[in-house]
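Thanks for making the time this morning. I would like to take you through one structure, starting from a single side chain and working outwards, so please have it open in front of you.

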Amino acid sequence: MKTIIFPIAILAGSLAMAQQAPAPSAKDTVKGNAKEIEAVTLVARKPTVESKVDRTVFNVANSAILAGNTTWDVLRMTPLVSIDNNDAVKAEGQTVTVYINDRKSVFTGKELKEYLKTIPADNLMKIEVITSPSSRYETSGSVINIVLKKRDDEGLKGSISLNNRQSTKNSQYTNFNLNYHKKKFTQTLIGSYNNGNYVQKTQTWDNRYEGNKLTQFNLENIMRNESPSLSSTSEFEINDKNNFGLVLEYSQNRNLSSAESDGMTSKNGDPGDSFHQTQNILGFSRNLGTNAFYKYYDKEKNRILDINVGTNYSSDNNDNLIDKQIDKLGAKTNQQLGVISTNQMRNYYLKIDYTQPLGKSGGTIEVGGKTELNNHIIPNSLYGFSMNDPQSEYYHLSRNDTFHYEDNLSSLYANYSKTFFKKLETRIGLRYEYIDYKVRQDVAGTERKDSYGTFLPNLLLKYSFSEKFDVSLTYNRSIWRPWYSEFNPFLVPEINGTYSRGNLYLNPNPNDRLYLKFGILKKYFISARYMHTNQDYWTTYVTENGRTVSLPGNFDGKVEKYYLFANTNQNFLKNKLNVNAGFGWYYINNKDFNEKNKLGGKDYISYWGASANVSYTNLFNKNINVSAWVELANQNNGNSYANNTNVFHNISVTKIFPKTQMELSMQLMNIFKRPYGDNTTYSQDGTFREYSKWDWYGVSLTFVKRFGNQKVKENTKTDVEKNGGGGK
């Protein structure tokens, strides 16, 4: 670590001295100050956080938090967003669908995390948290739209950044961003390389009601990954109204994980077997995405036609070897099991969207549709000497099988937006989705075919009493479908002593949401949300042949959630200081849910949440930007309850050198208190508690060199799309 930080420190000092000498002339000073003032003004005009009728916008284009981070890191610090210890992204406690530049990501969970870690944060413009999406979106709840910068000034421009991060272990990250624009042609190349090292410590308490059996594990997992990536965007403007382009994305990840755990079982308080396990996982994954697009935009008539066709391919190869030593009444036995799995995901899609004003009524209509095909395969095979030992707990496991998932998902939608009396903004939309899917196993012969269609209406109303006071109401019905791997029933052992598998008979989860929001003086916002569902699916734990098995399970029963939230965004000290703060109260009624599923969990959950983003631009007029973020967060999901409240925080200081277009940044992550997860999951067979210390803490140093004109522009949208939430 010292050998890496010392040269960076010398470089920082050298650059600082270079900025001080030689003494500039008066003319140069005026020019330099003018550039500084212009840069400061550009940052301060747009607030860090904007609260709109259907979304919260986190403007990060010039924020100090970008340096040395990936898009995944910045997503953690986005208002209303939380990420749990299983890498599930949520907005206001609800699972989300992630879009990038209005293009839906095919990834979720850990796959989404690895993909977003390949996108440099320096290329971010803003993150939109759309809590009331229109019918245009393929949504299963809320939407997070990640908007990247778009540069179209003449010539070559770009940036390169080098980052060193120290937490439990040391990690390095570097990326480059090149953009070339000439007349009607624009080419962008983005590349990154991450060499990361992470450590996670976990304790688990597995309580089975039958026999009052308790299994306790202590686990330490050391993970290392190398992740290069490259993306290309080519765009050509035929004329002022027509343009087309091609997006190519490639990323790969080579990871090595070594874990060691110790466990012990007891029944009715009497000690039983003790265990010692080691696990080594060698994995290699690839992601390849293509997107060809055509766009027609008539600015005078507000007519937009978007056509997108593309493919996504992902493969994930893992070799997981577990060695287990069992001590039973002083007699020690050894067991070994290896699991080889190869996930392959193929996605093909065609999407068409059209927007135009409707006659002279002042309304706007949007129509469109999408069809996509998915073909996913997961081959699994087991090896190791314990597979042939009748005394081994692994002996009766299925040796190998191949899981297949295929579907055809098609959708049509229409939105109509109109403003009445110059005060009442309205949007009404309807989306219809139809899915036909098939899941099967080759060896076991199990198979399931199903198809269903669903209507998803939504409504938005906003009334402005004056320029300073308004109220809005939105309603959304959405449906959350299981991820393909959650269907896979192949049983796999885990390092914490449990087993995991999917559930071939999972059903989707529909829900209804109502959202009321008051805007006061364009600075203060008070909102209330109600969510209702009669069926859900969450991770549960069951006992099968004496084994504790985690799997996604269907749960009937009514769940009601109530949220109250207050938010404000303020600028002080001539717009140099920006403060955004939010505070929320959450109440969940699980009584019917618990009674019908005999879970024994908490019937009523009440907790607080809060977040704040503070940034100061051009501190002491020395081109120093300072930002801080803090969040008070809980993780309560279905049958899983948080035992702790986490306080996340991040402090960034960035020094900008305008003449050389260089930046030096230092970031302090959760230095006052290391975050940890502590959750208890309730099932019919017992409870499972997991306590884990996360490796998201420490210090990072970043050096950034830019060149060329760094001005960017917003993505082209109509007034309806920008202000009414009518489209993207």
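With which side chain does the side chain of asparagine 458 make a polar contact at 3.4 Å? The partner is the side chain of arginine 427, and I should say at once that this is a predicted model, so please take every distance I quote as computed from that prediction. Asparagine 458 has a further polar contact, in which its side chain is joined to that of serine 135 at 2.4 Å. In the fold, asparagine 458 sits in strand β20, which covers residues 447–464, and because its relative accessibility is 4%, it counts as buried. If we set aside the neighbours within four places in sequence, the residues in contact with asparagine 458 include Pro133, Ser134, Asn415, Gly429, Tyr475 and Asn476.

Arginine 427 also brings us to the charged groups, since Arg427 belongs to a network of salt bridges together with Asp54, Arg55, Lys126 and Glu128. As a general reminder, side chains of opposite charge can pair when their charged atoms come close. Across the whole structure, the search finds 30 salt bridges, and I will pick out three pairs.

In one of them, aspartate 353 is paired with arginine 136, with 3.7 Å between the closest N and O atoms. This pair links distant parts of the chain, 217 residues apart, with aspartate 353 in strand β16 and arginine 136 in the loop between β7 and β8; both residues are buried.

In another, arginine 477 meets aspartate 512, the closest N and O atoms being 2.7 Å apart. Arginine 477 is in strand β21 and aspartate 512 in strand β24, so this salt bridge ties together parts that are 35 residues apart in sequence. Arginine 477 counts as partly exposed, because its relative accessibility is 27%.

The remaining pair is glutamate 663 with arginine 706, whose side chains meet in a salt bridge at 3.0 Å, N to O. Since glutamate 663 lies in strand β32 and arginine 706 in strand β35, parts that are 43 residues apart in sequence are tied together, and here glutamate 663 and arginine 706 are both buried.

Let me turn now to the nonpolar interior. The largest nonpolar core has 65 residues, of which Val74, Val89, Leu116, Leu124 and Ile146 touch the most other members, and strand β26, residues 547–572, contributes the largest share, four residues. There is also a second, separate core of 12 residues, among them Val339, Tyr394, Phe490 and Tyr499.

Valine 74 deserves a closer look: beyond four places in sequence, its contacts include Phe58, Leu66, Leu124 and Ile127. The backbone oxygen of valine 74 also lies 3.1 Å from a polar atom of the side chain of threonine 78. Threonine 78 is in the loop between α3 and β3 and counts as buried, because its relative accessibility is 3%. Beyond four places in sequence, threonine 78 touches Phe58, Ile127 and Val129.

Finally, the overall picture. The protein has six helices and 35 strands, and its radius of gyration is 27 Å, close to the 27 Å that the globule rule gives for 728 residues, so the protein is as compact as a globular protein of that length. Of those 728 residues, 53% count as buried.

Technical notes
Residues are numbered from 1 along each chain as its sequence is written. This is a predicted model: local features need pLDDT of at least 70, side-chain atom pairs count only at pLDDT 80 or more; totals for chains, interfaces and linings use all residues. Side-chain values use heavy atoms; hydrogens and water are left out. Helices (H or I, at least four residues) and strands (E, at least two) are DSSP runs, numbered from the N terminus. Buried means under 20% relative accessible area, exposed over 50%, partly exposed in between (1.4 Å probe, protein chains only). A polar contact is a pair of N or O atoms within 3.5 Å; within protein, one must be able to donate a hydrogen and the other to accept it, and residues adjacent in sequence count only if both atoms are side-chain atoms. Contact means heavy atoms within 4.5 Å. A nonpolar core is a set of buried Ala, Val, Leu, Ile, Met, Phe, Trp, Tyr and Cys residues joined through side-chain atoms within 4.5 Å. The radius of gyration is taken over C-alpha atoms; the globule rule is 2.2 Å times the number of residues to the power 0.38. A salt bridge is a side-chain nitrogen of Lys or Arg within 4 Å of a carboxyl oxygen of Asp or Glu.
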